[in-house]
Amino acid sequence: MLDPMKVPQGGYNQEYRQHPKFPGGYIYSHAGGDYDAWMNAVYPLLPDRVAFGDPDAPAALVKDEPGTPWAFTLMAGRAAIDFLRIARILFVQPVLNPDGTASAWSSGLIERHTETTLLAGNPLTELVGEQGDRYALVASFPGADSSNPPPPPPGYVYETRPLDQDFTLVCRRFAHILITDGYNFQRWDQGNAPD
């Protein structure tokens, strides 16, 4: 189980994920608005892993087959916590440096149906590629400092601007992502970048 992602405007997104090397790569999520209450009262009581069938055969988690639910409920003490399937990891691969070595970043493609709103009055941090593609910071992990992010992936620069109105990223099928330890960016403008 991953530690909950703390969204840039407060709140949290707790996820359980199937490892992407296995078929499906499903992501289940429970979201809420009080990160501190979640970490203090609920998170310590959740199990580290969830198995829907044979725990030694996670590759059996295949969409629409028995044992692969669209939702599940866990008990954390007396609290019932509902998790919904929000996404399927199609692939995650390293972003390469100019010399061909792997950078600290990975790119990926996720199948999901979500809307993420970043609230007005907060800064929008973006990764902007040489071809004009733009990725918005949608989540940071506990301990990550969004005011002092790591060096960007090769071919990208950071841009930060204040939001004068709410900013919503809508994904109806596929989301392109850039991720590194502590940070999750989602593409919202393709520019001239090839898919």
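# Salt bridges around E126 and E111

Biologist: Is E126 buried or exposed, and at what relative accessibility?

Modeller: Buried means under 20% relative accessible area, exposed means over 50%, and partly exposed lies in between (1.4 Å probe, protein chains only). E126 falls in the buried class, because its relative accessibility is 1%.

Biologist: Good to know! What should I keep in mind about the model itself?

Modeller: It is a predicted model, in which local features need pLDDT of at least 70, side-chain atom pairs count only at pLDDT 80 or more, and totals for chains, interfaces and linings use all residues. Side-chain values use heavy atoms, with hydrogens and water left out, and residues are numbered along each chain, as its sequence is written, from 1.

Biologist: How many salt bridges does a search of the whole structure find?

Modeller: A salt bridge here is a side-chain nitrogen of Lys or Arg within 4 Å of a carboxyl oxygen of Asp or Glu. Searching the whole structure on that basis, the number found is six.

Biologist: Which side chain meets E126 in a salt bridge at 3.0 Å, N to O?

Modeller: This partner is buried, because its relative accessible area is 18%. The side chain that meets E126 at 3.0 Å, N to O, is that of R134.

Biologist: E126 also meets R161 in a salt bridge; how many residues apart are they?

Modeller: The E126–R161 salt bridge has an N to O distance of 3.6 Å. It links distant parts of the chain, with E126 in strand β7 (residues 123-129) and R161 in strand β9 (residues 156-162). Strands are DSSP runs of E, at least two residues, numbered from the N terminus. The separation between E126 and R161 is 35 residues.

Biologist: Which residues does the network of shared salt-bridge partners join?

Modeller: One member, R161, counts as partly exposed, because its relative accessibility is 34%. Salt bridges with shared partners make one network, joining E126, R134, E159 and R161.

Biologist: Lovely. Now, which residue pairs with E111 in a salt bridge?

Modeller: The N to O distance between the two side chains is 3.3 Å, and E111's partner is R173. E111 sits in strand β5 (residues 102-112) and R173 in the loop between β10 (167-171) and β11, so the pair ties together parts 62 residues apart in sequence. E111 is buried at 17% relative accessible area. The partly exposed partner, at 49% relative accessible area, is R173.

Notes
Helices (H or I, at least four residues) and strands (E, at least two) are DSSP runs, numbered from the N terminus.
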